[in-house]
Amino acid sequence: VNYILSKFEGKLELKKLYGLMYLIQKDYLSHFGKTVFEDKFVLDNWLYIKPFHFHQNRKNYYEVQDDYLVFNGKVDFDYIAEMEKKTIDTWCEKCKDWSVEKYHKETDDFAYRKAKNRFLQDPDLTVITDIDIAKAGGGTSELIDYIRENKAVELALGA
């Protein structure tokens, strides 16, 4: 998130940030079967996508000013993998002038609609799964199987 904020002069509207995080995650998952953000994406009461754990803890690390998330520190970005950095850079450049409505339109995909249908039937079912995100991004059946197998191993190991 710090790296994304650095691309937007240290601050970005929360809904835009969350939409951008989702689009980055979808792109990376559908190409590499791995996540950039170790978080679950969920729908909120207004049917916007947000990263659950980050949203819950954002005020511990960032300042929120008028619906903008503001980064106030300096951070070493060397820990970001080059492919993650490349994916983030691509999406930050592509989305730099998008409105909140454009983000919402671009995130209205298979995974979003499936989660929205579940949410409307039962508000406790708001999670958008990594497999659905990868499918929405055009991930191959082999990649989906890879994600499924990794998830099963993580669950078996208690990770």
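A pocket is an open set of grid points where a 1.4 Å probe fits, with protein on both sides within 12 Å along at least five of seven lines. In this predicted model, the largest pocket is lined by 23 residues. The chain around this pocket comes to eight helices and six strands. Its largest nonpolar core holds 44 residues.

**Overall fold**

- From the N terminus on, the order of elements is α-β-α-β-β-α-β-β-α-α-α-β-α-α.
- The C-alpha trace spans about 40 × 35 × 30 Å along its principal axes.
- The radius of gyration is 16 Å, which agrees with the value near 15 Å for a compact globule of 159 residues.
- Of the 159 residues, 45% count as buried.
- Take the contacts in the chain with a separation of 6 or more: 64% of them join residues 24 or more positions apart.

**The largest pocket**

- The volume of the largest pocket is about 450 Å³.
- Which residues lie nearest its centre? They are Lys15, Tyr18, Asp44, Lys50 and His55.
- Five elements are worth finding in the structure: α2, β2, β3 (49–51), α3 (52–61) and α5 (100–106) each supply at least two residues of the lining.
- Sorted by class, the lining has ten nonpolar, seven polar and six charged residues.

**The largest nonpolar core**

- Within this core, Ile4, Leu17, Leu20 and Ile128 touch the most other members.
- Two or more core residues come from each of α1 (2–7), α2 (14–32), β2 (41–43), α4 (82–95), α6 (110–121), α7 (130–136) and α8 (141–157).
- The element that gives the most is α2, with ten residues.
- Look at Leu20 for a close-up. Leaving aside neighbours within four places in sequence, Leu20 is in contact with Ile4, Phe8, Leu12, Trp91, Cys92, Cys95 and Tyr103.
- Helix α2 therefore appears under two headings: α2 gives ten residues to the core, and α2 supplies at least two residues of the pocket lining, where a lining residue is one that has an atom within 4 Å of a pocket point.

**The loop between β4 and β5**

- Asp66 sits in the loop between β4 (63–65) and β5 (68–70).
- Asp66 has a positive phi of about 50 degrees, although Asp66 is not a glycine.
- Is Asp66 buried or exposed? Asp66 is exposed, because its relative accessible area is 72% and the cut-off for exposed is over 50%.
- Asp67 is found in the loop between β4 and β5 too.
- Asp67 has a positive phi of about 65 degrees, and Asp67 is not a glycine.
- Asp67 is exposed, with a relative accessible area of 54%.

Notes:
Residues are numbered from 1 along each chain as its sequence is written. This is a predicted model: local features need pLDDT of at least 70, side-chain atom pairs count only at pLDDT 80 or more; totals for chains, interfaces and linings use all residues. Side-chain values use heavy atoms; hydrogens and water are left out. A nonpolar core is a set of buried Ala, Val, Leu, Ile, Met, Phe, Trp, Tyr and Cys residues joined through side-chain atoms within 4.5 Å. Buried means under 20% relative accessible area, exposed over 50%, partly exposed in between (1.4 Å probe, protein chains only). Helices (H or I, at least four residues) and strands (E, at least two) are DSSP runs, numbered from the N terminus. Contact means heavy atoms within 4.5 Å. Grid points are joined across faces, edges and corners, and a volume is the space filled by probe spheres set on the points. Ala, Val, Leu, Ile, Met, Phe, Trp, Tyr, Cys and Pro count as nonpolar, Asp, Glu, Lys and Arg as charged, and the others, Gly among them, as polar. The radius of gyration is taken over C-alpha atoms; the globule rule is 2.2 Å times the number of residues to the power 0.38.
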